[in-house]
Amino acid sequence: RESEGWLNAILHSIGEAVIAVDNEQCVRFMNPVAQTLTGRKNTDVFGKAIGDVLSLYYANTQERVTISHAMAFMQNKNMRTGFEADIVNDDGTQTPVEVFISPIDEKGSRVGMVLAFRDISDRKHALKEIHRHAVRSDAMLRASVQLNARLNVKLLMNQVCEICNNTLDVTATSA
């Protein structure tokens, strides 16, 4: 009971969404972060098929994620990192997430799976900003290269000296 209490406290306290499903892919547990991201309550989804609870779409193809396919893919690739997807709630809200799926084994046989996912909205926004700044910097660099290629430094310096001499009534060196 004490171990169960600790585990329950940990699962409710971590910042990642966690959903546990049994071998029939029915929801057995959902922590508060998962409830927030999916827009569903643990009490409303307990025992329901994960496909009815979680609308998950691959980020790159917008194809619906089937948990068994994702699990098989991750195991075949021995992936330690997750895959990116979008959670789509009933109200149409989309949240980009990184998803990790791990088997739950007990005494050598699989009894279910754990889906852990985290909101990566901030990461996506930061990457867009970095890309925007990179494009802007590249444009400025190309413009400066074009300006430098057309700039006659000797002529420019002569003009500066002439302006200083005429306007300030001093030589450009003293100015």
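The following dialogue works through the sheet, a surface patch, a buried loop residue and the salt bridges of a predicted model.

User: How should the sheet be read, and in what order do its strands lie?

Analyst: In general, the strands of a sheet pair through backbone hydrogen bonds, in either a parallel or an antiparallel arrangement. In this predicted model, an open sheet of 6 strands runs in the order β2-β1-β6-β5-β4-β3, and the pairing is antiparallel. The edge strands, β2 (27-30) and β3 (56-58), each pair on one side only. From one strand to the next, the twist averages 35°.

User: Over how many bridges do β1 and β2 pair, and which residue stands opposite Val-21?

Analyst: Strand β1, residues 17-22, pairs with β2 in the antiparallel sense over 3 bridges. Opposite Val-21 stands Val-27 in β2.

User: Which helix packs on the sheet, and which strands does that helix touch?

Analyst: Helix α6 (residues 121-150) packs there, with contacts to β4 (83-88), β5 (94-106) and β6 (109-119). The direction of α6 makes about 135° with that of β5.

User: Turning to the surface, which residues make the nonpolar patch?

Analyst: Leu-151, Val-153, Leu-156, Met-157 and Val-160 make a nonpolar surface patch of about 410 Å². Val-153 can serve as the worked case: this residue is found in helix α7, residues 153-168.

User: Is Val-153 buried or exposed, and why?

Analyst: The cut-off for exposed is over 50% relative accessible area. Val-153 has 52% relative accessibility and therefore counts as exposed.

User: Let us compare a loop position. Where is Ser-55 found, and what does Ser-55 touch?

Analyst: Ser-55 is found in the loop between α4 (50-53) and β3. With residues up to four places away in sequence left out, Ser-55 touches Arg-64, Asp-86, Ile-87 and Val-88. Buried means under 20% relative accessible area; Ser-55, at 18% relative accessibility, therefore counts as buried.

User: How many salt bridges does a search of the whole structure find?

Analyst: The search finds 10 salt bridges. The criterion is a side-chain nitrogen of Lys or Arg within 4 Å of a carboxyl oxygen of Asp or Glu. One of the pairs is Arg-123 with Glu-84, whose closest N and O atoms are 3.9 Å apart.

User: Why does the pair of Arg-123 and Glu-84 tie together separate parts of the chain?

Analyst: Arg-123 lies in helix α6 and Glu-84 in strand β4, so the salt bridge ties together parts that are 39 residues apart in sequence. Arg-123 counts as partly exposed at 35% relative accessibility, and Glu-84 counts as partly exposed at 33%.

User: What can be said of the salt bridge between Glu-98 and Arg-118?

Analyst: The closest N and O atoms of Glu-98 and Arg-118 are 3.0 Å apart. This pair links distant parts of the chain, with Glu-98 in strand β5 and Arg-118 in strand β6, 20 residues apart. Glu-98 is buried, with a relative accessible area of 11%, whereas Arg-118 is partly exposed, at 30%.

User: What distance, N to O, is found for Arg-110 and Asp-105, and which residues are joined into one network?

Analyst: The side chains of Arg-110 and Asp-105 meet in a salt bridge at 3.9 Å, N to O. Arg-110 is partly exposed, with a relative accessible area of 35%, and Asp-105 counts as partly exposed at 49% relative accessibility. Salt bridges that share partners join Glu-16, Glu-84, Glu-98, Arg-118, Arg-123 and Lys-124 into one network.

Notes:
Residues numbered from 1 in each chain as written. Predicted model: local features only at pLDDT ≥ 70, side-chain atom pairs only at ≥ 80, totals over all residues. Heavy atoms only, no water. Pairing = 2+ DSSP bridges. Helix = DSSP H or I, 4+ residues; strand = E, 2+ residues; numbered from the N terminus. Axes fitted to C-alpha atoms, helices over the stretch in contact; angles between N-to-C directions. Contact = heavy atoms within 4.5 Å. Patch = residues over 30% accessible without salt bridge, like charges linked within 9 Å, V, L, I, M, F, W, Y side chains within 5 Å. Areas by Shrake-Rupley, 256 points an atom, 1.4 Å probe, with all protein chains shown as cover. Buried < 20%, exposed > 50% of the residue type's maximum accessible area, 1.4 Å probe, protein only.
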